[in-house]
Amino acid sequence: MSGSSQFSLSAFVRQPLLQTFTFLYVIFQNILIWIFAPSPPPSGPIVNDFPRKRVAVIGTGLTGVSSAAHCVGHGFDVQMFEARPKNKGLGGIWSRVNSTSSLQIHSIMYRFHPSVNYDTAYPTQQEIRDQIVDVWKRYKLEDRTVFETPINSVKQNKTGKWIINNDEDKWGLFDGVIASVGVCGDPKQPSLPDQGNFKGNVYHSSELDGKRVKGKKVLIIGGGASAIEALEFAVKSGAAEIDVLSRSDKWIIPRNVWVQSLLAMNIFGQETFLSWIPERLLHKFFYRDLQDIAPSGGLFTQTPMANSELFDQIREGKARWLRGDILSVKEDGILFNSRSKGVPTGGPGRESVVQGEVIIMATGFKRPSLSFMPEDAFEDPYGPPSWYLQVFPPNYPSLCANNSTYVNAIGTVGNMHIGIYTRFLLMFLVDPLSRPTEGRMKTWIDFTRFMKRLSPVGAFDFFTYAELVYWFVFVILVNPFRWKWAPFVLFGIGRSLPAQVVKQEEAFRNELRKQHAN
Ligand SMILES: Cc1cc2nc3c(=O)[nH]c(=O)nc-3n(C[C@H](O)[C@H](O)[C@H](O)COP(=O)(O)OP(=O)(O)OC[C@H]3O[C@@H](n4cnc5c(N)ncnc54)[C@H](O)[C@@H]3O)c2cc1C
Ligand SMILES: NC(=O)c1ccc[n+]([C@@H]2O[C@H](COP(=O)([O-])OP(=O)(O)OC[C@H]3O[C@@H](n4cnc5c(N)ncnc54)[C@H](OP(=O)(O)O)[C@@H]3O)[C@@H](O)[C@H]2O)c1
């Protein structure tokens with residue numbers, strides 16, 4: 001246990017309810033670990049029921065580390081590749097953001113590997129990074145990782161094995177590849193018009209550690225989750241004035257595990273005739289007097305931000321949230337065109353200079369490239385995110401872009417689906433009869449598009465967690481050869497039975513081949 005969340009008698013006396021919940025939460029996680037966490041690999045060579053298979057894992061963020069831990073835990077061999085040096089790459093984006101960053105969602109929805117054990121509901125950047133490094137060490141991935149090795153090419157040879165960076169001699173051949181490059185690459189820092197005029201400092205929202213804004217007027221550009229974090233940083237640092245300059249309205253929902261779970265339970269993964277209910281409830285009970293910044297578009301079309309304090313800070317006058325366009329930067333602020341609700345970007349409004357001494361660019365991150373993958377994985381109309389289960393390019397069931405293709409969602413990035421996707425890949429690798437053909441993969445994509453044809457955004461541009469689970473179950477049910485794998489793929493248990501069946505099927509097929517040859 002670490003830091004402020006340590007159990008102690010005095011903490012219990014001070015906060016009996018919170019400490020009891022925390023204690024129960026830790027016990028609950030231990031039960032999950034006991035049931036679902038695969039055993040770490042032995043120190044020697046990996047021996048198991050499966051035919052020996054090797055998987056390349058690209059990226060050492062939580063997705064890569066979790067995927068690799070699942071692979072070795074189930075007896076597969078892995079090699080991890082990370083573009084950045086260890087201190088910036090291990091832990092992925094969580095190694096490169098502010099120490100004040102923390103989870104927006106409850107950590108029960110961010111147990112990115114079954115062996116993770118949080119002792120707080122909303123862990124900070126350091127606690128999350130520590131959990132990632134712990135899993136990496138626990139599953140003996142240290143010897144299987146190379147840092148400062150960007151992957152720029154992933155190609156299949158004639159036998160279907162994968163060659164990494166065109167260097168078979170150095171890295172050998174791989175049966176499968178997991179591309180876990182994430183969606184947050186380098187900071188995106190667009191140049192603002194006439195930015196050179198500004199006489200104060202300009203920082204990106206991910207680089208606020210050690211920056212002093214006490215007593216200063218702070219301008220925050222952008223209206224996403226990072227803008228909210230930057231606002232919280234400025235409030236805590238004692239900034240004199242805080243203005244958030246946002247060019248579009250985004251949904252903000254309470255930081256409450258029940259609200260988040262209920263919204264994620266929309267199995268259709270799109271706006272439905274019932275969507276007005278949560279939207280109206282949020283307007284009435286959460287936004288209340290702040291209707292001006294409440295979005296009018298559908299809730300089930302973009303990733304909402306989860307925060308419960310922001311509106312209070314606005315109500316208390318600690319910060320202002322302004323909608324409009326940046327016209328130019330002046331030496332002491334920004335000439336801003338404030339637009340009324342509903343007026344589109346670039347539309348008419350009222351121009352004024354919003355004073356500022358520091359600018360924080362909460363303008364997001366560049367998306368890491370997936371172009372190391374084969375060219376035909378990007379062919380229209382089956383380019384990412386329109387892939388099989390959103391992560392397997394049609395015709396490449398041995399290539400899984402785990403957590404690297406999503407655009408918008410109500411759910412979580414770091415949860416059990418990482419293991420499920422990994423085990424789909426492992427099933428496809430060891431059981432030829434479970435593998436989808438290119439045609440079946442495309443049919444599933446077309447079918448999902450058809451089911452979501454009424455959605456105001458593209459079928460794969462938004463999904464919910466319940467929809468994801470429905471995809472998993474559906475894809476297992478439609479192929480009887482996958483039924484035996486269901487407990488393994490969905491829960492990571494019971495791998496011996498399907499492994500034995502596959503062995504027998506293989507022996508049967510070999511016998512048939514022999515007879516055919518004679
Ligand atoms: C401040 C912050 C808070 C967040 N909070 C939440 C939250 O509350 N809930 C939530 O669900 N999500 C949250 N996210 C989103 C977050 O991106 C994911 O939850 C998660 O950390 C992504 O992990 P990942 O491993 O998929 O990607 P990353 O952590 O980005 O790791 C990818 C790794 O791949 C490496 N890489 C990329 N390209 C290559 C290449 N070609 N070759 C080799 N290596 C490569 C990168 O260097 C990187 O280390 C947050 C993001 C930020 C920035
Ligand atoms: N604690 C947390 O959970 C947390 C914290 C931070 C980040 N994150 C995650 O990290 C990811 C990135 O979030 P983010 O907030 O950094 O980025 P983001 O969601 O991409 O938001 C960037 C914001 O900047 C605006 N913007 C971009 N370029 C601009 C420009 N040139 N001029 C004016 N405005 C501009 C965008 O406006 P438009 O939308 O109009 O383009 C948007 O409002 C998300 O997945 C998010 O959930 C999570």
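How many bridges join β14 to strand β15 (residues 350-355), and do the two run parallel or antiparallel? The count is 6 bridges, and the strands run antiparallel. This is a predicted model. The report starts with the whole chain, moves through domains and ligands, and then returns to the strands.

## Overall form

The protein chain has 16 helices and 19 strands. Its C-alpha trace spans about 85 × 60 × 50 Å along the principal axes. A compact globule of 518 residues would have a radius of gyration near 24 Å; the protein chain has 25 Å, which agrees. Of the 518 residues, 40% count as buried. Contacts reach far along the sequence. Taking contacts between residues at least 6 apart in sequence, 71% join residues at least 24 apart.

One pair of residues shows such a separation in sequence. I35 is found in helix α2 (residues 16-36). I35 and S115 are 80 residues apart in sequence, yet their C-alpha atoms are 9.7 Å apart in space. Is I35 buried or exposed? With 11 other C-beta atoms within 10 Å, I35 is exposed, because a residue counts as exposed at 12 or fewer.

## Two domains

The domain assignment splits the protein chain into domain 1 (37-185 + 367-511) and domain 2 (195-361). Domain 1 is thus written as two segments, 37-185 and 367-511. The centres of the two domains, taken over C-alpha atoms, are separated by 33 Å. Their contact takes 26 residues from domain 1 and 27 residues from domain 2.

Which elements supply the side of domain 1 that touches domain 2? β18 (408-410), β19 (462-464) and α13 (465-477) each give at least two residues. The largest share, 4 residues, comes from α13. By class, this side of domain 1 has 13 nonpolar, 10 polar and 3 charged residues.

## Two ligand shells

Ligand 1 has 34 residues around it. The nearest are G59, G61, G92, G182 and V413. Helix α3 (residues 62-73) gives the largest share of this shell, 3 residues.

Ligand 2 is surrounded by 22 residues, of which Q104, G222, G224, S226 and G364 are the closest. Here the largest share, 4 residues, comes from helix α7 (residues 225-237). Where does ligand 2 lie with respect to the domains? Domain 1 and domain 2 both give residues to its shell, so ligand 2 lies between them.

The table sets out the two shells by residue class.

| Shell | Nonpolar | Polar | Charged |
|---|---|---|---|
| Ligand 1 | 18 residues | 14 residues | 2 residues |
| Ligand 2 | 9 residues | 11 residues | 2 residues |

## Strands around β13 and β14

Strands of a sheet pair through backbone hydrogen bonds, either parallel or antiparallel. Both senses appear around β13. Strand β13 (residues 320-330) pairs with strand β14 (residues 333-338) in the antiparallel sense, over 6 bridges. A hairpin of 2 residues joins β13 to β14. Two bridge partners can be named here. S328 has L335 in β14 as its partner, and G324 has S338 in β14.

From β14 the pairing continues to β15, again antiparallel and with 6 bridges. L335 takes part here too: this residue stands opposite V353 in β15. L335 is therefore a link across three strands, with S328 as its bridge partner on one hand and V353 opposite it in β15 on the other.

β13 has a further partner. Strand β10 (residues 241-246) is joined to β13 by 4 bridges, and these two strands run parallel. S246 stands opposite R323 in β13.

## A parallel open sheet

What is the order of the strands in the open sheet of 5 strands? The order is β3-β2-β1-β7-β17, and the pairing is parallel. β3 (145-146) and β17 (399-400) stand at the edges. Each has a single partner strand, so one side of each is left without a neighbour in the sheet.

At the β3 edge, the partner is strand β2 (residues 77-81), joined to β3 by 2 bridges in the parallel sense. Within this pair, M80 stands opposite T145 in β3.

Methods. Residues are numbered from 1 along each chain as its sequence is written. Chains are lettered from A and ligands numbered from 1 in the order in which they are written. This is a predicted model: local features need pLDDT of at least 70, side-chain atom pairs count only at pLDDT 80 or more; totals for chains, interfaces and linings use all residues. A residue is near a molecule or strand if its C-beta atom, placed from the backbone, lies within 6 Å of it. Ala, Val, Leu, Ile, Met, Phe, Trp, Tyr, Cys and Pro count as nonpolar, Asp, Glu, Lys and Arg as charged, and the others, Gly among them, as polar. Domain bounds come from an automatic or database domain assignment. Two residues are in contact if their C-beta atoms, placed from the backbone, lie within 7 Å. The radius of gyration is taken over C-alpha atoms; the globule rule is 2.2 Å times the number of residues to the power 0.38. A residue is buried if 20 or more other C-beta atoms lie within 10 Å of its own, exposed if 12 or fewer, and partly exposed in between; C-beta atoms are placed from the backbone.
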